Amino acid sequence: MDIDANLLAMAKREIQKGQDSKAFEKLLLKYEKLIYYISRKYFTSHDDALDASQEAAVKIYNAITKLNMPETGSLKAWVCTVTARTCLDILRKKRPETTELIPETITETTPSAETIALANEQAQKLATAIQNLSIDYKTIIILRDMQGLSYEEIATALNINSGTVKSRLSRARLRLRDMIRD
């Protein structure tokens with residue numbers, strides 16, 4: 001956390017002075033995989049995810065001088081939020097008919113062909129169910145269950161209270177369960 005705070009402060013100073021920001025480059029290098037990972041959850045195409053990642057990086061760069069990180073805040077949560085909102089903005093502009101999540105590969109120590117087929121089917125069902133969630137539920141699931149952010153980090157990032165985060169997450173999980181059962 002202190003490393004992020006120091007890099008953030010240095011990046012702000014360098015950007016405000018109009019200098020090339022080595023500190024921002026370090027921050028971006030630290031979070032570039034996370035940014036791409038989140039983008040990839042919203043877009044099936046590698047190119048679309050890469051474009052969204054680049055757009056998110058530009059938004060982060062442009063907003064970093066205005067960012068007032070609270071003592072309890074998390075730069076990671078903020079980066080996740082900017083990225084998720086960027087992806088949502090792009091989706092709203094494009095209004096695609098459907099987008100698919102790429103299911104994670106499930107590995108086991110000694111998988112049989114039947115086990116692999118069943119796991120792939122379950123992963124596909126889950127990915128499809130997540131894709132069919134409302135934007136609010138999808139965002140909460142991605143930030144909490146896929147990115148591991150705390151309730152407080154999500155609440156700060158989405159500008160809602162932690163009770164709302166918990167209730168949306170609960171409803172999203174129930175909705176996922178019902179969708180998978182069907």
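Which exposed residues does the face of H7 turned away from its buried side carry? They are Glu 152 and Thr 156, and helix H7 is one of several stops on this short tour. Please keep in mind that this is a predicted model. The protein chain has eight helices and zero strands, and 38% of its 182 residues count as buried.

**Overall fold**

- Following the sequence from start to end, you will read the pattern α-α-α-α-α-α-α-α.
- The secondary structure thus comes to eight helices, with zero strands among them.

**The cavity**

- Searching the whole structure turns up one cavity of 30 Å³ or more.
- The space in this largest cavity is about 60 Å³.
- Its lining is made by Phe 24, Leu 27, Leu 28, Tyr 31, Ile 35, Ile 60, Ile 64, Leu 75, Trp 78 and Val 79.
- Sorted by class, the lining holds ten nonpolar residues, with no polar and no charged ones.
- Two helices, H2 (22-42) and H4 (75-94), each supply at least two residues of that lining.
- Helix H2 gives the most, with five residues.

**The aromatic pair**

- One aromatic pair is found in a search of the whole structure.
- The ring centres of Phe 24 and Tyr 61 lie 5.1 Å apart and the ring planes meet at 75°, so this pair is edge-to-face; the cut-off for that label is an angle over 60 degrees.
- Distant parts of the chain are linked by this pair, since Phe 24 sits in helix H2 and Tyr 61 in helix H3 (residues 46-63), 37 residues apart.
- Phe 24 has 8% relative accessibility and therefore counts as buried, the cut-off being under 20%.
- Tyr 61, at 32% relative accessibility, counts as partly exposed.
- Phe 24 also appears among the residues that line the largest cavity.

**Helix H7 and its two faces**

- In helix H7 (residues 151-158), the buried residues are Ile 154, Ala 155, Ala 157 and Leu 158.
- These four cover an arc of only 165° around the axis, so they lie on the same side of H7.
- A general point helps here: an α-helix has 3.6 residues a turn, so residues three or four places apart point the same way.
- Glu 152 and Thr 156, both exposed, are carried on the face of H7 turned away from the buried side.
- Arg 144 lies over the face of Tyr 151, at 4.3 Å from the ring centre.

**From H7 to H8**

- Asn 159 is found in the loop between H7 and H8.
- Although Asn 159 is not a glycine, it has a positive phi of about 60°.
- With a relative accessible area of 69%, Asn 159 is exposed, because exposed here means over 50%.
- Helix H8 (residues 162-181) contains Asp 178.
- Asp 178 has a relative accessible area of 32%, so this residue is partly exposed.
- In sequence, Asp 178 and Ala 129 are 49 residues apart, while in space they are 9.2 Å apart, C-alpha to C-alpha.

Terms used
Residues numbered from 1 in each chain as written. Predicted model: local features only at pLDDT ≥ 70, side-chain atom pairs only at ≥ 80, totals over all residues. Heavy atoms only, no water. 1 Å grid on protein atoms, 1.4 Å probe; cavity = no way out; pocket = protein on both sides within 12 Å on 5 of 7 lines; lining within 4 Å. Points joined across faces, edges and corners; volume = space filled by probe spheres on them. Nonpolar A, V, L, I, M, F, W, Y, C, P; charged D, E, K, R; others polar. Phe/Tyr/Trp six-rings, centres within 6.5 Å; stacked < 30°, edge-to-face > 60°. Buried < 20%, exposed > 50% of the residue type's maximum accessible area, 1.4 Å probe, protein only. Lys NZ or Arg CZ within 6 Å of the ring centre and 35° of its normal. Arc of directions from axis to C-beta.
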